[in-house]
Amino acid sequence: MTHPFATQQIPFFLTASGPCPYLPDRMERKVFTRIELGEGPALNDALTHAGFRRSQAVLYRPACEKCDACRSSRIDVGHFDWKRRWRKTLARNSDLRVSTDNVAATLEQYELLDRYLDSRHHDGDMAGMSFSEYVMMIEDGAQRTHVTEYRDAEGDLRAAVLTDVLRDGVSMIYSFYDPEAPRRSLGAYMILDAIRQAELAGLPFVYLGYWVRGSRKMAYKEEFQPLQVLTPAGWQLQAELEYEDEDSLGENPQTG
């Protein structure tokens with residue numbers, strides 16, 4: 001069930017409450033709007049900067065009544081800390097060929113996604129996704145969007161990420177990779193490559209979606225510093241945030 005309400009120009013809707021996928025014993029709900037034909041990249045740009053996230057032709061953000069743990073996050077490209085660990089990750093994957101020319105879903109991508117979900121998220125919401133559903137995820141509501149592919153020397157697809165290009169950065173919508181290549185750290189590598197791509201394009205930020213305080217599933221984002229998160233006071237450095245209830249969200253976080 002959804003409850004419509006409207007601004008002067010854009011209709012928004014509110015979902016009913018449901019169990020939070022990130023923190024135990026909490027409920028979530030979302031506010032969302034649909035991307036209509038003709039609105040295109042401008043709406044995606046504006047609402048992403050305001051804390052929304054795109055999924056197909058829908059832009060949404062958390063609107064939970066008793067929790068504000070989910071915060072939009074982005075990496076400051078110009079000040080990113082290229083520590084030794086990240087340089088080693090780049091070196092391990094220097095053999096991969098990167099392509100950003102893909103704008104359509106392929107069966108090869110889907111088969112890689114299926115293996116990834118079966119290995120890493122077999123009990124998640126996307127488990128069992130059909131090829132037609134994957135096509136919708138990639139192609140429905142596309143806004144200056146492409147699939148970045150990473151292939152090895154034999155031409156085999158090892159990783160891919162659906163990426164939106166915004167006016168001030170790139171937004172990583174969804175990434176997946178070969179689960180049988182753990183030494184490559186492909187998840188981290190794709191974030192590092194997005195930073196390089198943004199830098200080459202003169203874009204200041206890489207948007208990572210939501211950082212969830214107290215969730216181990218989202219804790220990896222804290223490793224990419226400086227990480228900014230959206231607060232009621234605007235974008236602030238995640239490492240400098242202070243909370244009165246510092247321990248309240250850290251108990252029994254959900255793993256994933």
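In this predicted model, glycine 202 has a positive phi of about 75° and sits just after helix H5. The helix itself covers residues 186-200. With 15 residues at 1.5 Å a residue, H5 should span 21 Å, and because its end C-alpha atoms are 21 Å apart, the expected and computed spans agree. The buried residues of H5 are Leu186, an unbroken run from Ala188 through Tyr189, Met190, Ile191, Leu192, Asp193 and Ala194 to Ile195, and then Ala198.

The next feature is a pocket. Rolling a probe the size of a water molecule over the atoms shows where empty space is left. The second largest pocket found has a volume of about 320 Å³. It is lined by 16 residues, and those closest to its centre are Arg61, Pro62, Cys70, Arg71 and Leu230. Three strands each give two or more residues to this lining: E7 (58-62), E8 (70-76) and E14 (227-231). Strand E8 supplies the largest share, with three residues. By residue class, the lining of the second largest pocket holds 10 nonpolar, three polar and three charged residues.

Last comes glutamine 238, in the segment that follows strand E15 (234-237). Is glutamine 238 buried or exposed? Its relative accessibility is 12%, and a residue under 20% is classed as buried, so glutamine 238 counts as buried. Leaving aside residues up to four places away in sequence, glutamine 238 touches Trp211, Glu222 and Gln225, as well as Leu227, Gln228 and Val229.

Terms used:
Residues numbered from 1 in each chain as written. Predicted model: local features only at pLDDT ≥ 70, side-chain atom pairs only at ≥ 80, totals over all residues. Heavy atoms only, no water. Helix = DSSP H or I, 4+ residues; strand = E, 2+ residues; numbered from the N terminus. Expected span 1.5 Å × (residues − 1). Buried < 20%, exposed > 50% of the residue type's maximum accessible area, 1.4 Å probe, protein only. 1 Å grid on protein atoms, 1.4 Å probe; cavity = no way out; pocket = protein on both sides within 12 Å on 5 of 7 lines; lining within 4 Å. Points joined across faces, edges and corners; volume = space filled by probe spheres on them. Nonpolar A, V, L, I, M, F, W, Y, C, P; charged D, E, K, R; others polar. Contact = heavy atoms within 4.5 Å.
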